[in-house]
Amino acid sequence: MESDFASAPPRAVVREARWSEPISVCDVEHREYTGGGLRHPAFKGMRIDKTADDVDLPGRH
């Protein structure tokens with residue numbers, strides 16, 4: 001499977017990465033989305049009311 005990122009991740013990451021299809025959804029609280037990741041993420045729990053197709057990056061809903 002190929003990466004879906006718009007710009008290629010760093011080579012060191014790609015070398016170890018194993019891409020998969022998203023199947024689970026969880027709640028994550030965070031301070032800020034920087035475009036490259038979440039600042040201070042905290043796992044809050046799993047969601048059963050949404051599918052992976054129902055969610056997007058922060059600010060794109």
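**Exercise 1.** With which residue does Arg47 form a salt bridge whose closest N and O atoms are 2.8 Å apart? Determine also which residues are joined with Arg47 into one network.

*Solution.* The model is a predicted one, and the values below are computed from its atoms. As a start, take the contact asked for: the partner of Arg47 is Asp49, with 2.8 Å between the closest N and O atoms. Asp49 counts as exposed, because its relative accessible area of 55% lies over the 50% limit. The salt bridges that share partners then join Asp27, Arg47 and Asp49 into one network.

The next step is the other bridge of Arg47, whose side chain meets that of Asp27 at 3.1 Å, N to O. This pair links distant parts of the chain, since Arg47 belongs to strand β4 and Asp27 to strand β1, 20 residues apart. Arg47 has a relative accessible area of 25% and is therefore partly exposed, while Asp27, at 34%, also counts as partly exposed.

**Exercise 2.** Which residue forms a salt bridge with Lys44, and how many salt bridges does a search of the whole structure find?

*Solution.* Lys44 pairs with Glu29, the closest N and O atoms being 4.0 Å apart. Here too the pair links distant parts of the chain, with Lys44 in strand β4 and Glu29 in strand β1, 15 residues apart. Glu29 is partly exposed, because its relative accessible area is 48%. For the whole structure, the search gives four salt bridges.

**Exercise 3.** Place these pairs in the fold: in what order do the elements of the protein chain run from the N terminus, and what percentage of its residues count as buried?

*Solution.* The secondary structure consists of one helix and four strands, and the order from the N terminus is α-β-β-β-β. Of the 61 residues, 8% count as buried. The accessible surface comes to about 5800 Å², and 50% of this area belongs to carbon and sulfur atoms. Among contacts with a separation of 6 or more, 20% are accounted for by residues 24 or more positions apart.

**Exercise 4.** Which residues make the nonpolar surface patch of about 380 Å², and where is His40 found?

*Solution.* The patch is made by Val28, Leu38, Phe43 and Met46. Of these, Val28 lies in strand β1, which spans residues 25-29, and counts as partly exposed because its relative accessibility is 34%. His40, for its part, is found in the loop between β3 (38-39) and β4 (42-47). Its phi is near 55°, a positive value in a residue other than glycine. With 51% relative accessibility, His40 counts as exposed.

How values were computed:
Residues numbered from 1 in each chain as written. Predicted model: local features only at pLDDT ≥ 70, side-chain atom pairs only at ≥ 80, totals over all residues. Heavy atoms only, no water. Helix = DSSP H or I, 4+ residues; strand = E, 2+ residues; numbered from the N terminus. Buried < 20%, exposed > 50% of the residue type's maximum accessible area, 1.4 Å probe, protein only. Contact = heavy atoms within 4.5 Å. Areas by Shrake-Rupley, 256 points an atom, 1.4 Å probe, with all protein chains shown as cover. Patch = residues over 30% accessible without salt bridge, like charges linked within 9 Å, V, L, I, M, F, W, Y side chains within 5 Å.
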